[in-house]
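Work through the exercises below with the sequence and the model open side by side, and try each task before reading its solution.

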Amino acid sequence: MPLKYATVPNVIADTPGSSPRAAADLDRLDVFNPSDGSVIAQVPMSGHPEVDLAVQAARRAFPGWSGTPIKERVQVFYRYKTLLEQNIDELAALVTEENGKITSEARAEVLKSAELCEFACSLPQIVTGQVLEVSRGVECRVERYPLGVVACITPFNFPNMVPNWSLPNALALGNTVVLKPSEMVPLSSIRIAELLKEAGLPDGVLQIVQGGKETVEAICDHTGIAAVSFVGSTKVAKIVYRRATATLKRCLALGGAKNHLIVMPDADVEMASGNIVASMSGCAGQRCMAASVMIAVANVDPVIARMVEQMQAMVTGKDVGPVISPAAKARIIQFIDEAEAQGAKVLVDGRGATVPGRENGFWIGPTLIDHVTPDMKIAQEEVFGPVMVIVRTRDVDEALRVENASPYGNAASVFTESGGIARKVMERASAGMVGVNVGVPVPREPFSFGGWNDSKFGVGDITGHGSIEFWTQAKKMTTKWNREAGTNWMS
Ligand code: NAD
């Protein structure tokens with residue numbers, strides 16, 4: 001059967017002769033549709049020559065783009081936001097096809113991309129700089145300047161949204177960008193580039209280089225790149241942070257997660273159970289904000305019983321999508337098998353889930369495991385599947401000790417009716433994003449997204465206000481025009 005999309009192209013615009021090696025001549029990897037296991041495209045594994053061409057083209061585009069006033073630059077993102085909304089069905093279908101998300105999740109991802117544009121469009125109102133007369137006739141002002149050519153490296157789990165975490169802000173602030181999407185989901189990035197072009201982004205301002213490890217290494221090592229944003233696993237975030245900063249680049253590397261939800265005995269049963277099940281099963285648990293450890297404080301059995309009912313009522317293939325690959329599925333099942341062998345009790349078992357007519361998909365149903373102890377691997381490592389473990393503690397202090405012991409620090413949440421307990425958890429959880437009675441405490445624009453500990457390396461955040469600092473540099477200017485201007489101990 002012919003491939004639906006053949007070889008996914010690199011987008012290296014404004015480069016005479018394009019790539020020295022055509023995408024079809026590079027080593028290629030198969031791209032799968034995770035819901036039926038079919039091969040839908042092949043992705044070229046680019047290397048240093050392609051990265052170098054992209055950087056050169058982005059460098060040529062930089063003076064024109066950075067010299068365009070920001071109010072003009074953001075017009076592209078007003079139009080792009082509209083295009084995202086107008087094309088949501090097609091964009092969501094593409095996410096479903098290459099990532100496996102169910103339609104409602106894929107649409108939510110595209111809507112979030114539109115919200116990210118909203119913030120980029122507001123940047124002219126936010127980055128107005130500062131000015132003050134610091135002594136008589138002497139003025140200090142601060143203006144923000146783009147960095148130059150920057151790079152964004154993205155993971156498989158949000159093919160549309162995570163590139164849009166970085167692209168609108170980095171571009172609107174005047175940088176030109178080289179994007180390296182995950183080799184498992186390269187298709188959405190091509191549509192993003194097409195829509196940005198349709199919205200008026202000049203050629204060369206955005207380059208897309210497809211590939212994997214070797215491509216990332218070429219980006220980290222390239223001295224023509226000023227900054228790198230990375231989103232992916234902690235293992236690779238550490239590699240990228242070390243390698244990119246070794247060539248003195250600015251780097252912000254977001255890593256993996258192990259998010260704890262503390263459930264108190266006074267929690268509202270319906271609110272807690274519904275939010276927790278949605279958090280652990282949404283996007284098949286493949287979200288860096290997915291809850292994966294529920295800390296049951298004292299007796300919260302009514303919440304657990306309701307979660308079991310809700311999870312048993314879910315239909316795999318309709319309510320829960322597949323995981324990304326056969327390897328991911330095998331890894332998740334191994335985690336569950338091992339926990340069970342160590343004495344944990346599987347309350348809802350997603351192993352063996354299948355979907356009629358799509359038996360070759362990478363399915364695993366929602367899974368709930370009780371009596372897991374904090375020392376078990378499944379309680380410590382990121383599973384990245386629709387699996388929730390329950391760790392039991394006597395009180396909230398013990399619950400916080402369990403949460404604090406995790407090396408990660410993306411999100412934590414507490415379910416309670418007590419303001420005092422809620423405040424204690426908000427203050428003491430060792431995580432960058434904390435919720436109260438919320439299963440997925442994602443900050444929405446204009447608030448910034450970013451974790452703590454091994455969930456983020458570098459300074460700044462990937463979205464919102466925190467990203468402005470990362471994608472720009474401040475220039476401090478001091479001016480004096482009049483002979484009568486004051487002199488003092490400074491000048
Ligand atoms: P990954 O780390 O395997 O891949 C991310 C990117 O790094 C990809 O573009 C990939 O090509 C590249 N890469 C992979 N191995 C590499 C290596 N050895 N050297 C250099 N580059 C390499 O992550 P993934 O599996 O695509 O995504 C899932 C992970 O991303 C999870 O751990 C999840 O928690 C994390 N994630 C984190 C956030 C966050 O905000 N903290 C958001 C989304 C996803």
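The exercises concern a predicted model, and they go from the ligand and its surroundings to two points of backbone geometry.

**Exercise 1.** Determine which residues are closest to the ligand, and how the residues that surround the ligand divide into nonpolar, polar and charged.

Solution. Begin by collecting every residue with a heavy atom within 4 Å of the ligand; this gives 27 residues, and the closest are K180, E183, S233, G255 and E382. Next, sort the residues of this shell by type, which yields 14 nonpolar, nine polar and four charged.

**Exercise 2.** Find the distances that separate oxygen atoms of the ligand from polar atoms of T154, E183 and G232.

Solution. Take the side chain first: a polar atom in the side chain of E183 is 2.6 Å from a ligand oxygen. Then turn to the backbone, where a polar atom of T154 is 2.8 Å from an oxygen atom of the ligand, and a backbone N or O atom of G232 is 3.2 Å from a ligand oxygen. Finally, consider the ligand as a whole: on its own it has 850 Å² of accessible area, and the protein covers 89% of this.

**Exercise 3.** Locate the ligand among the pockets, and state which elements and domains contribute to its shell.

Solution. The ligand occupies the space of the largest pocket. Going through the elements, those that give two or more residues to the shell are α7 (213-221) and β8 (227-231). Going through the domains, domain 1 (23-256 + 450-475) and domain 2 (259-407 + 411-436) each supply at least three residues of the shell.

**Exercise 4.** Explain why the peptide bond between E445 and P446 and the phi of H371 deserve a second look.

Solution. Start from the general expectation that most peptide bonds are trans and that most residues other than glycine have a negative phi. The bond joining E445 and P446 is cis, with omega about 10°, and P446 lies in the loop between β16 (433-436) and β17 (456-457). H371, although not a glycine, has a positive phi of about 55°, and H371 lies in the loop between β13 (367-370) and α12 (377-380).

Key. Residues numbered from 1 in each chain as written. Predicted model: local features only at pLDDT ≥ 70, side-chain atom pairs only at ≥ 80, totals over all residues. Heavy atoms only, no water. Polar contact = N/O pair within 3.5 Å; in protein donor to acceptor, adjacent residues only side chain to side chain. Areas by Shrake-Rupley, 256 points an atom, 1.4 Å probe, with all protein chains shown as cover. 1 Å grid on protein atoms, 1.4 Å probe; cavity = no way out; pocket = protein on both sides within 12 Å on 5 of 7 lines; lining within 4 Å. Sits in = over half its atoms within 2 Å of the grid points. Helix = DSSP H or I, 4+ residues; strand = E, 2+ residues; numbered from the N terminus. Nonpolar A, V, L, I, M, F, W, Y, C, P; charged D, E, K, R; others polar. Domains from an automatic or database assignment.
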